[in-house]
Structures are given as C-alpha cells and as structure tokens.
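Let's take a walk through this protein together, starting with a loop and ending with the whole chain. Keep the 3D view open as you read.

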Amino acid sequence: MIQLLPLLMLALPAAAAGGPYFVDVASAAGLAAVSAQNPAWADLNGDGWPDAVLGSTFGGQVSRVFLSSGGAGGFYDFTAESGVNAAPAPSTAARAGSALVFGDLDNDGDLDLFSARYSEFEKPKTDPKTGAVLKDAAGGALYEKADDGLRSAVLLNDGTGRFTHLGKAGVEEPAETTAAAALFDYDNDGLLDLYAGNWYKEYGVSFLCYPSRLYRGLGGGSFAETTGSAGLLTAPTEGGADSSRPVYGVSHCDWDGDGRQDLLVSVYGRQANRLWRNNGDGTFSDRAPASGFDGDAIRHGRYPPGVKREPEKEWRSHGNTFSAACADYDNDGDTDVFLGEITHGWAGEASDRSSLLENKGPGKGGAFKRYPDLLYRVHQDTRNWNQGDMRAAWADFDNDGRLDLLLASGDYPDGQYLRLFRQVRPRKFEEITAKAGFDWESSGGISVADYDRDGRLDILAGKSWMRMPADRRRGAWPAPALFHNHINNGNHWLAVKLEGRGAGGSNRGGVGVEVIVKAGRLTQRRVISTSHGHAGLTDDQVLHFGLGKAKAADSIEVRWNSGAAVYKKIAADRFVKISEGGGLADWPAR
C-alpha cells in the first residue's frame with residue numbers, strides 16, 4: 001500500500017535580495033531519508049510533475065523511486081510498487097541497475113527503462129603481493145565474483161510508474177561491465193535505439209575492456225544487436241586504434257549538424273575518447289582524432305619531477321572522462337561540449353583537464369577548440385591536488401537566455417564541491433557557488449528539472465562519501481539535496497514538452513528532435529537527450545528556455561523527422577506541448 005507523505009508547502013517565496021539563490025528542501029520534500037549517489041528526474045506516471053529516481057551504492061546497489069505529489073506536495077516512496085529492482089520471473093532475487101536510462105521504447109507515451117547491469121564476473125583473483133592470478137587445483141583461474149545470472153535489461157512502464165521486466169524479449173545483453181548507456185534514434189525511424197558503454201574486463205589486472213554495443217530498436221522494447229554491422233565492434237586488445245576502451249559515460253547529440261544523432265563516448269584510464277559520427281547509412285566512423293574530441297594536444301605522457309613513474313605511452317596520455325554535456329552554449333547554431341574529467345596534480349600536464357570544447361562550425365568540419373582553463377579553481381595543495389569533475393550539466397538557471405554550467409565534483413577530500421558557473425558571455429563564466437548557497441562537498445550525480453513548475457530550474461544532487469574523512473560526513477548516510485531555485489529577477493521563460501508520432505515520424509518522446517526558439521535578439525537551440533555521462537546522468541525530458549525580458553517568443557521551430565513546424569508569437573511563462581502534426585497547446589499538470 002502506498003503511504004503518502006503529508007502535503008508540504010515547498011513553494012517557498014523567492015529569496016530576498018542578498019539571500020541564497022537556492023535552498024535545500026530535500027528533507028521537507030521527503031527525499032533525505034535515503035542514500036543517493038546517482039539521482040535522475042523522470043516523469044514516470046505522465047502527470048507533468050517530475051519524479052525522483054535515486055540510485056545508491058551505499059551499502060549495496062539499489063534504486064529508489066519517489067513519485068511527486070504535485071510540486072509543493074513533496075514526494076512519496078513508490079519503490080516497491082515500481083518494480084525497478086525486481087529480477088525477471090521466476091527469480092525472486094533483487095536486481096538493481098548500475099545505470100538507469102529512461103525513454104519511451106514502445107511509443108505509448110510513457111517513459112520506459114534500460115537498466116544497465118555492471119557484471120564483473122571475469123575478473124580473476126590475484127595475489128596481493130605479486131599480482132599473480134590465483135588458480136584452483138585444476139589450474140583454472142579463480143574469480144572474485146560468481147556469476148549471479150542477472151543481466152542488463154529492458155523494463156516497460158504501464159503508464160503509472162510500474163515496470164515489467166521483459167527478460168529475453170527485450171535486449172539480450174551479455175555479462176559485461178556496463179557503466180553508462182544512451183537511448184537515441186540513430187536511423188530516424190521513430191524507434192529508440194540503445195548504445196551500452198562497457199568498462200574494463202578485469203580492472204587492476206590488465207587494460208583489456210569489453211566492447212561497447214549498439215542495439216537497433218524494433219519496437220515494443222525489443223532490440224537487435226548491430227554493433228558489428230554499424231562498424232562499432234572494437235578489438236579485445238590494449239592500446240590499438242581499434243582496441244576496446246573503458247567507457248564511463250555515453251552522450252548523444254548532432255555534433256556536425258547533419259540531422260543525425262552521433263555518439264560521444266567518455267573514456268576512462270587516460271585513454272582517448274571516441275566520437276562516433278553517424279554516417280546516415282547505418283554505420284559510424286570515429287571522428288574523435290580529427291575533431292579534437294579524443295583529448296588535448298599534450299601527449300608525451302611524462303610525470304612531473306619527483307613522481308617515480310615511467311612515462312605513459314601516447315595511448316595512455318589523455319583523460320579520465322566521465323561526462324560529455326552537449327549544448328549550443330553560445331547560441332551560434334552549432335553543438336558545443338563540456339567534458340568532465342578526473343585530474344590529479346601528480347599526473348602532470350599530459351593528463352587532460354575538464355574543458356569546454358567549442359564547435360568551430362560546419363566550415364571547419366565540426367572540429368572543436370579546447371578551452372581547459374575557463375573554470376578557475378584554487379587548489380589546497382599546489383602539487384598533489386585533485387579535480388573529481390565527474391558530472392556536468394548545462395542549464396539556464398536565471399532565465400537570461402544564456403546557458404550556465406553546473407559542475408559536480410567529488411570522490412577526493414580536498415575541496416570537491418557542487419559548483420555553479422554563470423555564463424556572462426561566450427567563454428566567460430562567473431563562479432556563483434557562494435551566491436547560490438551551495439555547501440555541497442563531494443557531490444554525486446546531478447539532475448535538473450523545474451520540479452514545482454514555477455518557471456525556475458531546480459537541482460537534484462547526490463552525495464558521495466568516497467574517500468570522505470569520517471569527521472566531514474554529515475548524517476548517518478549520504479543523503480541527496482534538492483536545491484529549490486529562488487532566483488527572482490523578473491526574467492521570462494518557456495517550457496516545451498514534445499510528442500512525436502512514433503514509427504514513421506519522430507520517436508514519441510521527441511529524443512533528438514531540435515527545437516529553436518527566437519525571442520528578440522536571442523536564438524536558442526535545445527534537444528532532448530537521455531544521457532550525457534556517467535551512470536545514467538540525465539535531466540528532465542522537458543526543454544526549458546529562458547527569454548530574458550521578452551514576454552513572448554517570436555517563434556518556435558520544431559524540426560521533426562517528418563519536417564519542420566513553426567509557431568509564431570507564443571506568450572511566455574507557460575508550459576506548452578507540441579505534437580508532431582498536431583500543433584501547439586498549453587500543457588497543464590494533472
């Protein structure tokens with residue numbers, strides 16, 4: 001039986017001048033009673049109110065679902081009813097996903113789920129002193145974990161937030177270390193496809209990795225693997241151009257402006273990132289080296305003086321990339337990317353820093369110019385510092401028409417925080433973390449949504465206790481924060497919900513469909529994505545546009561698979577739904 005929390009008056013008045021821009025209301029909203037490292041907003045029951053899905057690794061992998069009671073009414077625990085942790089029948093074992101990625105897989109108007117499973121069953125036990133692989137009496141390798149038979153899976157939503165495990169009727173994923181995934185329509189047939197990003201095969205023993213895999217959507221939540229025919233199958237080797245690499249994040253966006261979704265693969269272990277260009281014929285080609293997405297230009301692999309390590313080879317002289325957040329951040333009509341990296345001072349200059357990759361445009365072949373020093377930070381130790389920038393998101397928090405950058409850093413005990421950088425103009429950001437009211441040390445994942453539909457974007461932030469000293473841990477578990485946006489500057493906004501017509505048109509959720517809003521001198525582009533980084537990093541699948549002082553949008557253009565639709569003079573400060581072939585209408589919450 002569902003137990004509702006008391007209705008809570010969370011629609012607090014906007015902060016007075018000089019007050020914090022955000023206030024943490026997680027406790028009052030009913031979200032602080034559990035642990036959460038990887039949160040996500042997703043409207044699971046289709047009522048127009050974003051629901052909170054909280055992934056936790058504290059004390060064991062588990063996901064929790066909290067449905068919204070309607071913005072100001074807080075949230076109630078729906079985990080048991082949701083079935084997100086259930087194993088396929090007849091098993092009664094718990095089965096939690098390492099990454100949850102939401103999308104409408106059967107085009108019935110609700111969000112279904114790909115639940116990735118991090119299966120590390122081929123990692124051998126090793127001698128802690130010598131590193132030698134331990135073997136049994138028969139000479140076979142001993143393994144650290146026994147295969148429990150549970151795999152990555154598709155779960156279909158019945159429209160109320162209750163999920164049914166499809167088992168082998170969905171996707172038959174092998175037992176691999178899936179750490180990230182994306183749902184996107186690579187062939188523009190109106191059905192979502194799946195890319196699963198896999199990590200090391202035997203972490204700490206070798207650099208061997210599982211290949212990441214592409215699955216073409218067949219409808220109804222079923223998929224067929226197309227990794228090989230798409231040119232994406234990589235080799236079980238180390239250090240080669242075609243070697244499988246340890247993937248920690250997957251993103252999708254139209255990097256080169258040709259109307260097709262490309263794959264941006266964030267690679268760990270100081271190996272090169274991959275940018276798989278969608279060729280439009282069912283195949284992909286890696287454009288990371290040509291575009292500059294693979295890594296920065298410093299590739300000598302040398303460590304600083306005093307660090308007793310041999311120089312790394314070129315293929316181990318890149319970054320530890322976790323996130324690739326796509327957006328037209330400078331409103332110039334092409335797609336830029338921010339890369340979130342883990343970096344250490346002791347690793348030296350050959351280890352890539354978190355960077356803005358500004359797209360030079362079609363005339364330059366979609367190449368990026370890399371800016372690694374835009375977000376200045378003071379390090380407590382000038383040599384042995386860390387930057388755990390594992391998650392990043394673009395969002396217009398002050399509705400001025402310029403995207404701001406939210407950066408979540410954690411997992412190291414030397415000044416890793418949730419930070420907010422307000423965009424002043426292209427390539428110039430002002431850190432406003434203190435003004436925002438954040439004191440969120442060792443942040444976990446982040447997800448952005450207007451959860452109370454007041455026209456201001458809010459933040460759900462996880463908490464990590466990885467390497468966190470006990471005296472800096474607050475509470476009995478690493479609970480999440482819900483940062484409610486109080487910025488009250490009089491700026492206007494529009495929120496757009498898309499509804500494609502499905503097979504033969506655009507996918508029902510509008511994933512990958514481009515929306516262009518013009519208001520005065522502002523021209524903004526937004527695209528719904530299902531993932532932009534590690535462990536299912538994602539935002540609410542509603543597009544938000546800040547309009548500044550404009551009280552209306554001059555036009556909204558939606559570029560569906562079936563053709564473009566344009567709407568004129570749309571009044572601001574409202575939620576609208578735009579349907580493929582069906583026009584624009586107000587979109588009230590239920």
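## A lysine in a loop

Find K549, which sits in the loop between strand 33 (543–548) and strand 34 (552–560). Keep in mind that you're looking at a predicted model. Is K549 buried or exposed? Its relative accessibility is 57%, and the cut-off for "exposed" is over 50%, so K549 counts as exposed.

Being exposed doesn't leave K549 without partners. Setting aside residues up to four places away in sequence, K549 touches N489, G490, N491 and H492. For a sense of scale, try A180: it is 369 residues from K549 along the chain, and the two C-alpha atoms are separated by 39 Å.

## How far can you trust it?

The mean pLDDT of the protein chain is 94, with 97% of its residues at 70 or more. Residues 1–14 are another story: there the pLDDT is below 50. That stretch still has 36 contacts in the model beyond near neighbours in sequence.

## The whole chain

Now zoom out. How many helices and strands does the protein chain have? There are four helices and 37 strands. The radius of gyration is 23 Å, and the globule rule gives 25 Å for 590 residues; those values are close, so the chain is as compact as a globular protein of that length. Along its principal axes, the C-alpha trace spans about 70 × 55 × 55 Å.

Of the 590 residues, 59% count as buried. If you take the contacts with a separation of 6 or more, 57% of them come from residues 24 or more positions apart. On the outside, the chain exposes about 22,600 Å², and carbon and sulfur atoms supply 51% of that area. As for charge, there are 63 positive and 77 negative side chains, and the centres of the two sets lie 4 Å apart.

## Two neighbours in strand 31

Next, look at L522 in strand 31 (residues 522–527). Its relative accessibility is 19%, and buried means under 20%, so L522 counts as buried. Beyond residues up to four places away in sequence, L522 touches N331, D400, G401, V517, G546 and L547. Take N331 from that list: N331 and L522 are 191 residues apart along the chain, yet their C-alpha atoms are separated by 7.8 Å.

T523 is found in strand 31 too. With a relative accessible area of 31%, T523 is partly exposed. Leaving aside neighbours within four places in sequence, which residues is T523 in contact with? They are N331, I516, V517 and K518. You can also check T523 against I556: they are 33 residues apart along the chain, with 9.8 Å between their C-alpha atoms.

## An arginine and a serine

R383 is in the loop between strand 21 (368–371) and strand 22 (386–395). R383 is partly exposed, at 40% relative accessible area. Not counting residues up to four places away in sequence, R383 touches P305, G306, V307, G345 and W346. G149 is 234 residues from R383 along the chain, and their C-alpha atoms are separated by 45 Å.

For a contrast, head to S82 in helix 2 (residues 79–82). Its relative accessible area is 0%, so S82 is buried. Outside the residues up to four places away in sequence, S82 touches V65, G161, R162 and F163.

## Two positive phi angles

Finish with the backbone. R427 isn't a glycine, but its phi is positive, near 70°. You'll find R427 in the loop between strand 24 (418–425) and strand 25 (428–431). Its relative accessible area is 39%, which makes R427 partly exposed.

K569 isn't a glycine either, and it has a positive phi of about 50°. Where does K569 lie? It lies in strand 35 (residues 563–571). K569 is exposed, with a relative accessible area of 62%.

Definitions and conventions. Residues numbered from 1 in each chain as written. Predicted model: local features only at pLDDT ≥ 70, side-chain atom pairs only at ≥ 80, totals over all residues. Heavy atoms only, no water. pLDDT = per-residue confidence, 0-100. Contact = heavy atoms within 4.5 Å. Rg over C-alpha atoms; globule rule 2.2 N^0.38 Å. Buried < 20%, exposed > 50% of the residue type's maximum accessible area, 1.4 Å probe, protein only. Areas by Shrake-Rupley, 256 points an atom, 1.4 Å probe, with all protein chains shown as cover. Lys, Arg positive; Asp, Glu negative; His and termini not counted. Charge placed at Lys NZ, Arg CZ, Asp CG, Glu CD.
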